[in-house]
Amino acid sequence: MLEARGVTSGYNGVAVLHDFNLTLHSGEVVTLLGPNGAGKTTALLTLVGLLPSMAGSIGALGAKVGARRTARLARAGVLLVPDDRGIFAELTVAEHFRIVGKVPKARIEMVLARFPALRRLMHRRAGLLSGGEQQMLAIGKALLADPKVLMVDEMSLGLAPTVVQQMLPGIRDLAREEGIAVLLVEQHVAIALSVSDRAIVLNQGRTVLAGDAAALAENGARIEAAYFGTPA
Ligand SMILES: Nc1ncnc2c1ncn2[C@@H]1O[C@H](COP(=O)(O)OP(=O)(O)O)[C@@H](O)[C@H]1O
Ligand SMILES: [Mg+2]
């Protein structure tokens, strides 16, 4: 679904992500971990072509990812839910659903079945929703577009851990049941690992640890060392 090989990218000619590698299959959840400023958002922006890569190659759904192709990629089903959630405070939930364009009714029902709380919030403005409800809206809106690859940046930003604990397993079910390849950026390490197949820890733009999520979850010391940038 998505493959990055030796990707380097950054801003104004200065690399902040170095030699990034990722393979993401259908139905799989991979989590990107790492301290603030590690390059997680930069990686996602590069993977959807919003930021040009300075070296390496990226392929998604059999096509090459590059600058100025983001809109086409989105139509093909490679979607990013950004860390600001990409929603508009003044618009209602129903209006967010409408701006996605023409969506089959069955698809709308599928999204509402996954996020039943949205049903009674249809006419509420997004700015008045709780953080958890906004996140449901952001992901629900992305799902309307029938994604094949879904990237979610810091879904749990500002959410209580109990809300995160409730939402993340839903993301895994979504990946499994809809065959969507999911790439998460998360700060809640333990919860994220529990719903992921694999994880990658970035530190200062470099991959310092990568592997099977269950195995990593059993080795908290290695993750902690990776966060602090000391080799494990
Ligand atoms: N628009 C930008 N212009 C210049 N530098 C940036 C920009 N966005 C992020 N950076 C820098 O790139 C590095 C990685 O940032 P980012 O990918 O946002 O990290 P993370 O998402 O892991 O917190 C940081 O050093 C950050 O200061
Ligand atoms: Mg970020």
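A nonpolar core is a set of buried Ala, Val, Leu, Ile, Met, Phe, Trp, Tyr and Cys residues joined through C-beta atoms within 7 Å. The exercises below concern a predicted model.

**Exercise 1. The nonpolar core**

Determine which residues of the largest nonpolar core touch the most other members, and which helix gives the most to this core.

*Solution.*
1. The largest nonpolar core comprises 65 residues.
2. Within this core, the residues that touch the most other members are L47, V149, M151, V182, L184 and V201.
3. The helix that gives the most to the core is α5 (residues 131–144), with six residues.
4. V149 serves as an example: leaving out residues up to four places away in sequence, V149 touches M1, L2, L24, A60, G77, V78 and A181.
5. As general background, nonpolar side chains tend to be buried together in soluble globular proteins.

**Exercise 2. The two sides of helix α6**

Explain why the buried residues of α6 line one face of the helix.

*Solution.*
1. Helix α6 spans residues 161–178, which makes 18 residues. From its first C-alpha to its last, α6 reaches 26 Å, close to the 26 Å expected at 1.5 Å a residue.
2. The buried residues of α6 are L168, I171, L174 and A175.
3. Viewed down the axis of α6, these buried residues fall within an arc of 115°, and therefore they line one face of the helix.
4. The general rule behind such a pattern is that an α-helix has 3.6 residues a turn, so residues three or four places apart point the same way.
5. On the other side of α6, the exposed residues are T162, P169, D173 and E177.
6. The partners of the buried residues are β3 (29–33), α4 (105–114), β8 (181–185) and α7 (189–195), against which they pack.
7. Just after α6, G179 adopts a positive phi of about 70°.

**Exercise 3. The surroundings of ligand 1**

List the residues around ligand 1 and sort the shell by class.

*Solution.*
1. The residues around ligand 1 are Y11, V16, G34, N36, G37, A38, G39, K40, T41 and T42.
2. By class, this shell holds three nonpolar, six polar and one charged residues.
3. Helix α1 (residues 40–47) provides the largest share of the shell, namely three residues.

**Exercise 4. The environment of A55**

Decide whether A55 is buried, partly exposed or exposed.

*Solution.*
1. A55 belongs to strand β4 (residues 53–60).
2. A buried residue has 20 or more other C-beta atoms within 10 Å of its own, and an exposed one has 12 or fewer.
3. A55 has 13 such atoms within 10 Å, and is therefore partly exposed.
4. Apart from neighbours within four places in sequence, A55 is in contact with G6 and T8.

Methods
Residues are numbered from 1 along each chain as its sequence is written. Chains are lettered from A and ligands numbered from 1 in the order in which they are written. This is a predicted model: local features need pLDDT of at least 70, side-chain atom pairs count only at pLDDT 80 or more; totals for chains, interfaces and linings use all residues. A residue is near a molecule or strand if its C-beta atom, placed from the backbone, lies within 6 Å of it. Helices (H or I, at least four residues) and strands (E, at least two) are DSSP runs, numbered from the N terminus. Ala, Val, Leu, Ile, Met, Phe, Trp, Tyr, Cys and Pro count as nonpolar, Asp, Glu, Lys and Arg as charged, and the others, Gly among them, as polar. Two residues are in contact if their C-beta atoms, placed from the backbone, lie within 7 Å. The expected span of a helix is 1.5 Å times one less than its number of residues. The arc is that of the directions from the helix axis to the C-beta atoms.
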